[in-house]
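The following exercises ask you to read a protein model step by step. Please study the sequence and the structure shown here before attempting each task.

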Amino acid sequence: MCKMKNSVQFKRRLNHFLTYLYLVVLSIIIIYPLLITVLSAFKTGNVSAFTLDFSGSLSFDNFQKLFTDTLYGTWYLNTLIIAIITMVAQTSIITLAGYAYSRYNFLARKQSLVFFLIIQMVPTMAALTAFFVMALMLNALNHSWFLIFLYVGGGIPMNAWLMKGYFDTVPISLDESAKLDGAGHFRRFWQIVLPLVRPMIAVQALWAFMGPFGDYILSKFLLRDEINYTVAVGLQTFISDQKNQKIAFFAAGAILIAVPICVLFFFLQKNFVSGLTAGGDKG
């Protein structure tokens, strides 16, 4: 009995040790490059490489020069506008689509859901040629509105599935009770069901907002003039020339990207726990 108890305690301690070891290693992997980026952003003078170097003085000069000596402010504003419009449009569409797929039976309902899954299997790289031809046909090359169109359209299929799954977790008896009380379709959606799916809406809004800030391939492929660049494409120009790399500017710009995302995250964080853990369990 004593040996069995010691064996259980040993396994428990080993499990705790391995868990903490894993968390420590994971923290180092995350913090190390972040620390390098922060140090590079605040270093005075020219930074020749992304290294963990604590020597030298620190200042905000790189952030100031980023807006005075480059087009970063324009790129930042371009990305912010694209991200906000994408977030509003995509979240609105997938919310309505998820509600329709969850609550109504209509022609080709199941077939369209399967079609959504098939579309998700096609990588973005495989569709670049089609996007380029479409942009030429619509005279949309080098225009931000076409990029927004692709972001919104590309986010609909899988996210509509997730929204449908979350709507499915709301008892349909609530709709029926409201219907008996005389509530119409829109009122049932807006006043009864929508407040209950707010967590997933918050998650979808954050995902949609983050997309344009991190996307490089589509924006680089479709935006040709430097003044129309997004921050991802613009930052790449700082390090594309190996003989004249502006690593400090790149690091400072990368840090500023996180500001609006963090603001939105903290504004919506109370909804995220339930939103991230639901939506995929029913379909």
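**Exercise 1: Two asparagines in one loop**

Asparagine 139 is exposed, because its relative accessible area is 64% and the term requires over 50% (buried means under 20%, partly exposed in between, with a 1.4 Å probe and protein chains only). The model is a predicted one, in which local features need pLDDT of at least 70 and side-chain atom pairs count only at pLDDT 80 or more, while totals for chains, interfaces and linings use all residues. Residues are numbered from 1 along each chain as its sequence is written, and side-chain values use heavy atoms, with hydrogens and water left out.

Task. State where asparagine 142 is placed, and decide whether asparagine 142 is buried or exposed.

Solution.
Step 1. Asparagine 139 belongs to the loop between helix H5 (128-137) and H6. Helices (H or I, at least four residues) and strands (E, at least two) are DSSP runs, numbered from the N terminus.
Step 2. Asparagine 142 is also placed in the loop between H5 and H6.
Step 3. The relative accessibility of asparagine 142 is 14%, so asparagine 142 counts as buried.
Step 4. Although asparagine 139 is not a glycine, its phi is positive, about 55 degrees. For asparagine 142, likewise a residue other than glycine, phi is positive and near 75 degrees.

**Exercise 2: The chain as a whole**

Task. Determine how many helices and strands the chain has, and what share of its residues counts as buried.

Solution.
Step 1. The chain contains 13 helices and zero strands.
Step 2. Of its 283 residues, 38% count as buried.
Step 3. Contact means heavy atoms within 4.5 Å. Among contacts in the chain with a separation of 6 or more, 73% are between residues 24 or more positions apart.
Step 4. The accessible surface, computed by the Shrake-Rupley method with a 1.4 Å probe (for residues, only the protein chains shown count as cover), is about 17100 Å². Carbon and sulfur atoms hold 68% of this surface.

**Exercise 3: A serine in helix H3**

Task. Classify serine 102 as buried or exposed, and name the residues in contact with serine 102 outside its neighbours within four places in sequence.

Solution.
Step 1. Serine 102 is part of helix H3.
Step 2. Its relative accessible area is 14%, so serine 102 is buried.
Step 3. With neighbours within four places in sequence set aside, serine 102 touches Lys164, Phe167 and Asp168.

**Exercise 4: Aromatic pairs**

Task. Give the count of aromatic pairs, and state why the pair of phenylalanine 42 and phenylalanine 60 is edge-to-face.

Solution.
Step 1. Rings of Phe, Tyr and Trp (its six-membered ring) pair if their centres lie within 6.5 Å; planes under 30 degrees apart count as stacked, over 60 as edge-to-face and the rest as tilted. By this rule there are 20 aromatic pairs.
Step 2. The ring centres of phenylalanine 42 and phenylalanine 60 are 5.2 Å apart and the planes stand at 85 degrees, so this pair is edge-to-face.
Step 3. Phenylalanine 42 lies in helix H1 (residues 2-42) and phenylalanine 60 in the loop between H1 and helix H2 (61-68), so that the pair links parts of the chain 18 residues apart. Phenylalanine 60 is exposed, with a relative accessible area of 61%.
Step 4. Tryptophan 75 and phenylalanine 238 make a tilted pair, 5.7 Å centre to centre with 45 degrees between the planes. This pair joins helix H3 to helix H11 (residues 231-239) across 163 residues, and both of its residues are buried.
Step 5. Ring pairs also connect Phe67, Tyr72, Tyr76, Phe209 and Phe213 into a cluster.

**Exercise 5: The largest pocket**

Task. State how much space lies in the largest pocket, and find which helix gives the most to its lining.

Solution.
Step 1. A pocket is an open set of points on a 1 Å grid over the protein atoms alone, where a 1.4 Å probe fits, with protein on both sides within 12 Å along at least five of seven lines; lining residues have an atom within 4 Å of a point. Grid points are joined across faces, edges and corners, and a volume is the space filled by probe spheres set on the points.
Step 2. The largest pocket holds about 700 Å³ of space.
Step 3. Its lining has 25 residues, and Thr124, Leu150, Tyr151, Gly154 and Gly155 lie nearest the centre.
Step 4. H6 gives the most to this lining, with nine residues.
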